[in-house]
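Here is a walk through one chain, going from a single loop residue out to the overall fold and back to a few spots worth a look. Have the viewer open and follow along.

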Amino acid sequence: MDNYAVIIFILAIMIGLSAIADKIKLPYPIILIVAGIAVGFVPSLPVIDINPEIIFLIFLPPLLYDAAFNISFKEFKTNINTISTLAISLVFITTLGIAVVAHYMIPGMTWPLSFVLGAILSATDAVAAMSITKGLGLSHKTNTILEGESLVNDASALVAYRFAVAAVTGTAFVFWKASLTFAILMVGGALVGFVMSRILAMIVKRIHENSLVTISLMLLMPFVTYLIAEELHVSGVIAVVILGLGIARFSRMVFPTKLKEQSRNIWDIIIFLLNGLIFILIGLEFPYIYKHINQADILPYIGYALIITIIALLLRIGRVFLQKINLQRAFQKGKHRITEDALLDFKNSLIISWSGMRGIVSLAIAIGLPLTLEDKSPFPERNEIIFISVAVVLFTLIGQGLTLPWLVKRLKID
């Protein structure tokens, strides 16, 4: 009952603060995170144990499905080169860059532990970026690239994380095995998503006149698809993304206007509540981790987190602008089927670079670190890694989140 009361209390705060954020023209994720931190320091509040498996199951499927369902498939296909570059190569570049900095900067960070930290913070979060950029008038291309990147990069980050944790526990890293595992996860997840989208389309085609049943089935399917993919040991993230893309194309041909409106209204409410809870939970986690760190180490670790945030941002800026140059060269040479619509200009490149905020996935991966190794000894530097991860998430969400609207207005994006 205590947890139930806390959840109701958090939901009430979330709804009220979202309304206030709209009035004072501040991004609501920022206000919710600050509120979560403040609530987390309330002495009498019961400790909320956040299970990472629950986060992945409850939050990821509907959020990914909604983003995939609403993304422009044509724009997605046009910008697939940039999306795949950011979602795959940039994730591994960021993992490596953060690992190098962490190893030489933070005492006690062995190479395997440094790679664990790098993998945790390698993927950006579209929920945060799109919540903050909503209403800023970004181009369809920019929105599509940001959403498309986050639909795929979670899978890349999770692969990097698995191998980094395995290295900590003593398992040797073999490049060809890692590459094969990544390919199996991606292809297997895509196959599961495709099959489930065909099954759902076949069922919906026969029952779409019953709007209540149709909408209920579409609400349930992302969770079912995610669970099936994970049970088959392939990427549940990719499976849900392919499901959303497939059903989006199908719905435009079959769904009547009334059904689309009803479905959209229900999904808007669900996504609003989930988004709000995510940012509150990120804020709530900070005080809990803060209390488990040696007080003398707090300021140094905050400093490490700030430096890692800057390094991750610089790596992203460099990779985005390198992609801009590569696309221009490929287009001029007429190679790789690069069309003019796929090219990036300076303004959109800068917005995409600055929108690389970390969020709920990084938090879930961090708190999902094993408590012990195989020999039952404690997982080394666990609390320190979680603290730095949460601090980086907060730095990106608050720092980049507050400055992104200003940057967009200064660049006068049409």
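Leu26 sits in the loop between H1 and helix H2 (28-40). This is a predicted model, so take the values below as computed from its atoms. Leu26 is partly exposed, at a relative accessible area of 36%. Setting aside neighbours within four places in sequence, Leu26 is in contact with Ala21, Ile31 and Leu402. There is also a long-range pairing to look at: Leu26 and Ile132 are 106 residues apart along the chain, yet their C-alpha atoms are separated by 8.8 Å.

Back up a little into helix H1 (residues 2-24) and you find Ile8. Ile8 is partly exposed as well, with a relative accessible area of 42%. Pick Leu373 as the other end of a ruler, 365 residues further along the chain, and the C-alpha separation from Ile8 comes to 36 Å.

**The whole chain**

Zooming out, the chain has 17 helices and zero strands. Its C-alpha atoms fill a box of roughly 60 × 60 × 50 Å along the principal axes. How does the radius of gyration fit with a compact globule of 414 residues? The chain has 21 Å, and such a globule would have a value near 22 Å, so the two agree.

Contacts tell us how the sequence is folded back on itself. Counting pairs at least 6 apart in sequence, 82% of the contacts join residues at least 24 apart. As for cover, 53% of the 414 residues count as buried. The accessible surface comes to about 19,400 Å², and 66% of that belongs to carbon and sulfur atoms. On the charge side, there are 31 positive and 25 negative charges, and their mean positions are 11 Å apart.

**Buried residues inside helices**

Three helix residues make a handy set to click through. Tyr65 belongs to helix H4 (residues 60-70), Thr95 to helix H6 (residues 80-105), and Thr144 to helix H9 (residues 140-168). Buried means under 20% relative accessible area, and here are the values:

| Residue | Relative accessible area | State |
|---|---|---|
| Tyr65 | 1% | buried |
| Thr95 | 6% | buried |
| Thr144 | 4% | buried |

What is packed around them? Leaving out neighbours within four places in sequence, Tyr65 is in contact with Leu200, Met218, Pro222, Val240, Leu243, Gly244, Ile247 and Trp267. Tyr65 also pairs up with Val237 across 172 residues of sequence, at 9.2 Å from C-alpha to C-alpha. With the same neighbours left out, Thr95 is in contact with Phe115, Gly118, Ala119, Ser122 and Ala160. For Thr144, the contacts beyond four places in sequence are Ile71, Ser72, Glu75, Phe76 and Ile83.

If you'd rather see a whole element under cover, go to H16. Eight of its eight residues are buried. The run goes Ile360, Val361, Ser362, Leu363, Ala364, Ile365, Ala366 and Ile367.

**A 36-residue helix and some positive phi angles**

Helix H14 (residues 298-333) has 36 residues. From its first C-alpha to its last, H14 reaches 53 Å, close to the 52 Å expected at 1.5 Å a residue. Just after H14 comes Gly334, with a positive phi of about 70°.

A glycine is one thing, but what about other residues? Most residues other than glycine have a negative phi. That puts two loop residues on the list to inspect.

One of them is His233, which has a positive phi of about 60° although it is not a glycine. His233 is found in the loop between helix H11 (211-231) and helix H12 (236-254). Is His233 buried or exposed? His233 is exposed, because its relative accessible area is 64% and the cut-off for exposed is over 50%.

The other is Glu381, where phi is near 55°, again positive in a residue other than glycine. Glu381 lies in the loop between helix H16 (360-367) and helix H17 (382-411). Its relative accessible area is 25%, so Glu381 counts as partly exposed.

How values were computed: Residues are numbered from 1 along each chain as its sequence is written. This is a predicted model: local features need pLDDT of at least 70, side-chain atom pairs count only at pLDDT 80 or more; totals for chains, interfaces and linings use all residues. Side-chain values use heavy atoms; hydrogens and water are left out. Helices (H or I, at least four residues) and strands (E, at least two) are DSSP runs, numbered from the N terminus. Buried means under 20% relative accessible area, exposed over 50%, partly exposed in between (1.4 Å probe, protein chains only). Contact means heavy atoms within 4.5 Å. The radius of gyration is taken over C-alpha atoms; the globule rule is 2.2 Å times the number of residues to the power 0.38. Accessible areas come from the Shrake-Rupley method with a 1.4 Å probe; for residues, only the protein chains shown count as cover. Lys and Arg count as positive and Asp and Glu as negative; His and the chain ends are not counted. The place of a charge is taken as NZ of Lys, CZ of Arg, CG of Asp or CD of Glu. The expected span of a helix is 1.5 Å times one less than its number of residues.
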